[in-house]
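Reader: Hey, got a minute to walk me through this one? I'd like to start with the ligand site.

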Amino acid sequence: MSKIIIAIDGYSSCGKSTTAKQVAAHLGYGYIDTGAMYRAVTLYFIQNHVSCTNPNEVSKALSEISIEFRLDENQKNNTYLNGLNVEEEIRKLYVANRVSEVSAVAEVRHAMVDQQRKMGKKRGFVMDGRDIGTVVFPDAELKVFMTADPLVRGQRRQIELMEKGDLLDLEEIMQNLKKRDLIDTTRTESPLKQAEDAEVIDTTYMTLDEQIDQVCILASYAI
Ligand code: C5P
């Protein structure tokens, strides 16, 4: 059976990553979380006080950053920044509050897109993000664009953070989602937009299992 690329793009907290991970496991495919890569760069920028508006600082920082994914003993994907496991840290709100600003920097995007294309050289993976079907792999055999009602997205994110021990106000979370969506959709460099040939899935009233099933059905037609 031929292996394909499945690109899942969409707004923040629509269930892209969880769906992508499960679809990849179901098909025996690899999974690449491109949001984690931008979050790792952002963490490095915060820790090292890198200014997004200073091209020299951005270039130097990018030359010092190495990002990889490693599976732990439970087959869970962890993001490593310069050899350190930053999986938990990059999910925190202080990183989420800066990530769209960092992701809008052209040089950051070029570096991440190059790395994503290398990671995906062999087909047979699911990649989720904002520009996968439009920029990174415009030749992906299946493109999915996920959307959901903002309140539902905020509530889902709140539960996800609560499960990790972070108790946050719904309003604060919704402000973050709104701000990220605005920057992500209006930036000059590869803004978030639906690819013309993408299948749209509105997850507002769907369970996670239904989302996974829907993508797996679409994949079975594309393979
Ligand atoms: O997917 P996640 O919510 O972890 O992504 C975090 C942020 O990274 C997004 O809000 C967006 O600013 C950026 N991003 C991006 N392009 C991607 C993936 C994520 O700009 N392909």
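Author: Sure, one bit of wording to begin with: Ala, Val, Leu, Ile, Met, Phe, Trp, Tyr, Cys and Pro count as nonpolar, Asp, Glu, Lys and Arg as charged, and the others, Gly among them, as polar. This is a predicted model, where local features need pLDDT of at least 70, side-chain atom pairs count only at pLDDT 80 or more, and totals for chains, interfaces and linings use all residues. Residues are numbered from 1 along each chain as its sequence is written.

Reader: OK, so how do the residues of the shell around the ligand divide by class?

Author: Two are nonpolar, six polar and five charged.

Reader: And which come nearest?

Author: Gly35, Tyr38, Ser103, Gly129 and Arg130, out of 13 around the ligand (near means a C-beta atom, placed from the backbone, within 6 Å).

Reader: Which helix gives the most to that shell?

Author: H2, with four residues. Helices here are DSSP runs of H or I with at least four residues, strands are E runs of at least two, and both are numbered from the N terminus.

Reader: Switching topic: which strands pair with E6?

Author: E1 (residues 5–10) pairs with E6 in the parallel sense over five bridges, and E2 (residues 30–33) runs parallel to E6 with four bridges. Pairing takes at least two DSSP bridges between the strands.

Reader: What stands opposite Phe125 in E6?

Author: Ile5 does, and so does Gly30.

Reader: Is E6 buried or exposed?

Author: Five of its five residues are buried, meaning 20 or more other C-beta atoms within 10 Å of a residue's own, with C-beta atoms placed from the backbone. Phe125, Met127 and Gly129 are on one side, with Val126 and Asp128 on the other.

Conventions. A residue is buried if 20 or more other C-beta atoms lie within 10 Å of its own, exposed if 12 or fewer, and partly exposed in between; C-beta atoms are placed from the backbone.
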